[in-house]
Amino acid sequence: MEKVAALGEQLIGRWLELKNYQILERNWRCRWGEIDLIVQSQATKEIAFVEVKTRKQRNWDADGLLAVNAVKQQKLLQTAALFLAHQPHLAELPCRFDVGLVSYQLSNSSTKNITEFPISQINRLQIGQPIVIQSYTMKIKNYLQAAFD
């Protein structure tokens, strides 16, 4: 599962890069927890703290959205505050908390013949677009900007 979660984070990261965001940190950790991606809009300079949830299709928790409950949100808020304390030059910029939802399934024999590219070489990526990554068919199900305060 760790491998699949990492692929989901890479997929969301690449989608954000294609949307003109710069990735500042991946898997930033502190005593409060971890933030999957910390990105900055090149256009507005806004900072987004991104929680990525990668789930099999037909899952029990609304594609991972239910896992971002009040307890998880509080941990993310504390972790983000500590990140900003370590990066005072970013502390005055507007910030938000986003949630990226990725679904996956094992690729079937018909998709295994598709030529794969590393995620970093993907030049177009849309929400809902299936893409074969390693032995998985993955897609971004949803991306919620400012999912919570």
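This report covers the sheet of a predicted model, the helices packed on it, and one buried serine.

**The sheet**

Six strands make up an open sheet. Their order is S1-S2-S3-S4-S6-S5, and the pairing is mixed. The edges belong to strand S1 (21-30) and strand S5 (131-133). Each has a single partner strand, so one side of each lacks a neighbour in the sheet. On average, neighbouring strands are turned by 35° against each other, direction ignored.

One pairing can be followed to residue level. Strand S2 (residues 33-41) runs antiparallel to strand S3 (residues 47-56), with four bridges between them. Ile38 has Phe49, in S3, as its bridge partner.

**The helices**

Two helices, H1 and H2, pack on this sheet. The table lists their contacts and angles.

| Helix | Residues | Strands touched | Angle between directions |
|---|---|---|---|
| H1 | residues 2-18 | S1, S2, S3, S4, S5 and S6 | about 65° with S6 |
| H2 | residues 70-86 | S1, S2, S3, S4 and S6 | about 60° with S2 |

The edge strand S5 is among the strands that H1 touches. Strand S4 spans 95-106 and strand S6 spans 136-148.

**Ser103**

Ser103 lies in strand S4. Is Ser103 buried or exposed? Its relative accessibility is 1%, and buried means under 20%, so Ser103 counts as buried. Which residues does Ser103 touch, leaving out those up to four places away in sequence? They are Arg55, Gln57, Thr137, Met138, Lys139 and Lys141.

Note on methods: Residues are numbered from 1 along each chain as its sequence is written. This is a predicted model: local features need pLDDT of at least 70, side-chain atom pairs count only at pLDDT 80 or more; totals for chains, interfaces and linings use all residues. Side-chain values use heavy atoms; hydrogens and water are left out. Two strands pair if DSSP finds at least two bridges between them. Axes are lines fitted to C-alpha atoms, for helices over the stretch in contact, and angles run from 0 to 180 degrees between N-to-C directions. Contact means heavy atoms within 4.5 Å. Buried means under 20% relative accessible area, exposed over 50%, partly exposed in between (1.4 Å probe, protein chains only).
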